[in-house]
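This report walks through a single chain, moving from one charged side chain to the strands around it. Please keep the sequence and the structure in view while reading.

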Amino acid sequence: MLLSDPRQHMWRQGSLIPHDLPGVADVLTRRTQIGAGDRVVLISHDCDICHDDFGAEPEAEIIIARKLTDDQENQNYYHGKNPRKFQFQMHVDGQRQSYEMSFRERHSIPRILMTQRDPYP
């Protein structure tokens with residue numbers, strides 16, 4: 001897959017990275033734990049994702065979206081009200097679920113890992 005041609009892949013800012021994408025789990029397990037309901041979100045800008053030189057742009061930035069229970073939701077973290085935590089909802093497996101991202105859970109992965117396959121739909 002050629003990342004420099006966005007017509008050949010579906011990687012965009014906000015894409016969900018598959019947990020089983022080879023190499024991603026290895027990188028993350030050295031730094032944090034990923035729960036069964038958690039998601040890994042690509043947060044690099046589209047222009048960085050599609051850069052044609054892996055030497056100049058070797059890493060992609062990701063963030064962990066932690067699945068929340070109903071009692072963990074806090075409306076003060078929705079709609080960008082807090083600069084450090086962001087809560088939001090998305091549909092997963094046909095159900096609306098709540099997640100939280102924290103600036104402390106940003107990580108980098110080798111961008112070349114994304115050439116193996118497309119993100120989750």
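Is Glu105 buried or exposed, and what is its relative accessible area? The model examined here is a predicted one, and in it Glu105 has a relative accessible area of 16%, which places it under the 20% limit, so it counts as buried.

## The network around Arg66

Glu105 does not stand alone, for its side chain meets that of Arg66 in a salt bridge with an N to O distance of 2.5 Å. Because Arg66 belongs to strand E3 and Glu105 to strand E5, this pair ties together parts of the chain that are 39 residues apart in sequence. Asp38 joins as well, since salt bridges with shared partners bring Asp38, Arg66 and Glu105 into one network.

The link between Asp38 and Arg66 is a salt bridge of 2.7 Å, again taken from N to O. The two partners come from distant parts of the chain, 28 residues apart, with Asp38 in the loop between H1 and E2 and Arg66 in strand E3. Both Asp38 and Arg66 are buried. As a general point, side chains of opposite charge can pair when their charged atoms come close.

## The surroundings of Asp38

Asp38 is placed in the loop that runs between helix H1 (24-29) and strand E2 (39-42), and its relative accessibility is 7%, so it counts as buried. Besides its link to Arg66, a polar atom of the Asp38 side chain lies 2.8 Å from the backbone nitrogen of Gly35. When neighbours within four places in sequence are left aside, the residues in contact with Asp38 are His19, Gln33, Ile64, Ala65, Arg66 and Lys67.

Arg31 is another residue of the loop between H1 and E2, but it counts as partly exposed, at 46% relative accessibility. Its C-alpha atom is separated by 9.4 Å from that of Glu105, although the two residues are 74 residues apart along the chain. With its neighbours within four places in sequence left aside, Arg31 is in contact with His107 and Ser108.

## A further salt bridge between E3 and E5

How many salt bridges does a search of the whole structure find? The search finds three, and one of them joins the side chains of Glu61 and Arg106, with an N to O distance of 3.6 Å. Glu61 lies in strand E3 and Arg106 in strand E5, so this pair ties together parts that are 45 residues apart in sequence. Glu61 counts as partly exposed, at 28% relative accessibility, and Arg106 is likewise partly exposed, at 45%.

## The sheet

The strands that carry these residues belong to an open sheet of five strands, arranged in the order E1-E2-E3-E5-E4 with antiparallel pairing. Strand E1 (16-17) and strand E4 stand at the edges, and each has a single partner strand, so one side of each is left without a neighbour in the sheet. In general, strands of a sheet pair through backbone hydrogen bonds, either parallel or antiparallel.

Two of the pairings can be followed in detail. E2 and E3 pair in the antiparallel sense over four bridges, and within this pairing Arg39 stands opposite Ala65 in E3, the latter being one of the residues in contact with Asp38. E4 and E5 are also antiparallel and pair over eight bridges, with Phe86 standing opposite Met101 in E5.

## Two residues with positive phi

E4 and E5 form a hairpin in which two residues lie between the strands, and Asp93, in the turn, has a positive phi of about 55°. This value is found although Asp93 is not a glycine. The loop that holds Asp93 lies between E4 and strand E5 (95-110), and Asp93 is exposed, with a relative accessible area of 73%.

Which residue in the loop between strand E3 (59-67) and strand E4 (85-92) can be set beside Asp93? His79 is found in that loop, and its phi is near 60°, a positive value in a residue other than glycine. At 68% relative accessibility, which is over the 50% limit, His79 counts as exposed.

How values were computed:
Residues are numbered from 1 along each chain as its sequence is written. This is a predicted model: local features need pLDDT of at least 70, side-chain atom pairs count only at pLDDT 80 or more; totals for chains, interfaces and linings use all residues. Side-chain values use heavy atoms; hydrogens and water are left out. Buried means under 20% relative accessible area, exposed over 50%, partly exposed in between (1.4 Å probe, protein chains only). Two strands pair if DSSP finds at least two bridges between them. A polar contact is a pair of N or O atoms within 3.5 Å; within protein, one must be able to donate a hydrogen and the other to accept it, and residues adjacent in sequence count only if both atoms are side-chain atoms. Contact means heavy atoms within 4.5 Å. A salt bridge is a side-chain nitrogen of Lys or Arg within 4 Å of a carboxyl oxygen of Asp or Glu.
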